[in-house]
Amino acid sequence: MISSELIFGVAFFLQCAIGIVGNSLLLVLYVCIAFKKPQEKKPIDLILAHLTVANMATLFTRGIPEIMFCFGMRNVLNDLGCKVVMYIYRISRGFSVCTTSLLSMFQAIIISPNNSVWARIKVKAHKYILHCFLFFCVTNALIYIRVIEQNEAIKNDNISRYEYISHIFGARPLNETKATAAFLFGMTVHDFIYHLLMALSSTHMVLLLYRHSKQVQHIYSNSNSSRSFPEIKATQTILLLVSFFVLFYCINNCCTLYVTYSFDNRVEVETIGAFFGGCYPALSPLLLIGSDNRIGKLHFIPGKEKRHHKDFMNGLVNY
């Protein structure tokens with residue numbers, strides 16, 4: 001009979017393979033667009049490129065250790081390795097929250113009418129993207145620095161000292177100190193603010209899409225309406241992306257809370273929570289690749305590039 005660990009190992013392997021390949025391909029596509037077709041480059045591409053990097057970091061630091069555990073490779077990481085892996089994982093996960101929130105806010109501003117209060121911000125919004133990323137990196141690095149002190153490799157002789165036990169690390173109970181209170185407060189406020197901004201911007205986009213659909217019913221032949229269709233499609237994609245993020249984030253957090261405060265057998269629940277935590281970084285590039293019509297216009301495949309060059313030369317001869 002196939003063991004549950006083997007099933008989970010295969011599931012994590014497929015998830016990481018799909019996610020790493022998908023995010024790598026998406027990142028290469030954005031680089032190709034930036035250098036081969038700069039006229040088609042969009043400011044939002046920079047946000048999506050950073051999201052793919054955060055997704056790959058999440059999969060590498062969470063999915064691969066789970067694969068190693070499920071296939072029998074136990075106690076591979078020492079204390080330093082566990083601290084580094086979990087610190088990078090927490091930063092990449094927090095960065096993913098911030099970037100997804102920024103993505104929804106940026107798209108909400110872009111599709112806002114020119115006569116709205118967001119008109120001035122729309123013109124200058126792309127100039128502050130890198131500033132936002134720098135702010136995200138600094139805040140997440142400072143908030144989760146407590147993880148380095150709290151986490152360590154699991155040893156058989158000290159399991160009882162941990163408040164939370166994962167497959168690859170153990171989290172010691174937090175002391176009642178000001179530093180601990182600041183860590184919990186910062187982490188809670190961080191997630192609350194960015195999820196609130198995500199919810200507000202998503203609601204704003206839904207209302208704009210509803211108004212647009214009403215206008216198109218009466219003025220379908222208007223040129224301005226036809227030009228806005230690609231932006232509407234991009235907005236629908238981002239709304240679906242945000243929905244996926246919130247769904248998998250909530251499931252992962254529920255599993256983590258259950259594992260932390262339950263006295264029952266918690267191994268399967270912790271594994272399921274880790275799997276759902278990797279679903280968003282694994283599936284989001286597939287959604288983005290399938291919705292971007294610029295990808296089909298790229299000629300970065302050698303055979304396709306040769307055919308394109310040959311057709312171009314034949315056109316010159318015939319001319």
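The following exchange examines how several labels are assigned in this predicted model.

Trainee: Why is serine 202 called buried?

Mentor: Its relative accessible area is 12%, and buried means under 20%; serine 202 therefore falls in the buried class. The residue belongs to helix H7, residues 178-218.

Trainee: What makes the approach of the serine 202 side chain to the backbone oxygen of methionine 198 close enough for a polar contact?

Mentor: A polar atom of that side chain lies 2.7 Å from the oxygen, and the cut-off requires N or O atoms within 3.5 Å. Beyond four places in sequence, serine 202 touches Ser104, Leu239 and Val242.

Trainee: Why is the pair of phenylalanine 245 and tyrosine 249 called stacked?

Mentor: The protein has 11 aromatic pairs. In the pair formed by phenylalanine 245 and tyrosine 249, the centres are 5.5 Å apart and the planes differ by 25°. Centres must lie within 6.5 Å and planes under 30 degrees apart count as stacked, so the label applies.

Trainee: How do you know that about one helical turn separates phenylalanine 245 and tyrosine 249?

Mentor: They are 4 residues apart in helix H9, residues 229-261. Phenylalanine 245, at 4% relative accessibility, is buried, and tyrosine 249, at 10%, is also buried.

Trainee: What makes the pair of phenylalanine 275 and phenylalanine 276 edge-to-face?

Mentor: Their ring planes meet at 75°, with centres 6.1 Å apart; because planes over 60 degrees apart count as edge-to-face, the pair takes that name. Phenylalanine 275 is partly exposed at 25%, as is phenylalanine 276 at 25%. Both belong to a cluster linked by ring pairs, which also includes Phe12, Phe244 and Phe248.

Methods: Residues are numbered from 1 along each chain as its sequence is written. This is a predicted model: local features need pLDDT of at least 70, side-chain atom pairs count only at pLDDT 80 or more; totals for chains, interfaces and linings use all residues. Side-chain values use heavy atoms; hydrogens and water are left out. Helices (H or I, at least four residues) and strands (E, at least two) are DSSP runs, numbered from the N terminus. Buried means under 20% relative accessible area, exposed over 50%, partly exposed in between (1.4 Å probe, protein chains only). A polar contact is a pair of N or O atoms within 3.5 Å; within protein, one must be able to donate a hydrogen and the other to accept it, and residues adjacent in sequence count only if both atoms are side-chain atoms. Contact means heavy atoms within 4.5 Å. Rings of Phe, Tyr and Trp (its six-membered ring) pair if their centres lie within 6.5 Å; planes under 30 degrees apart count as stacked, over 60 as edge-to-face and the rest as tilted.
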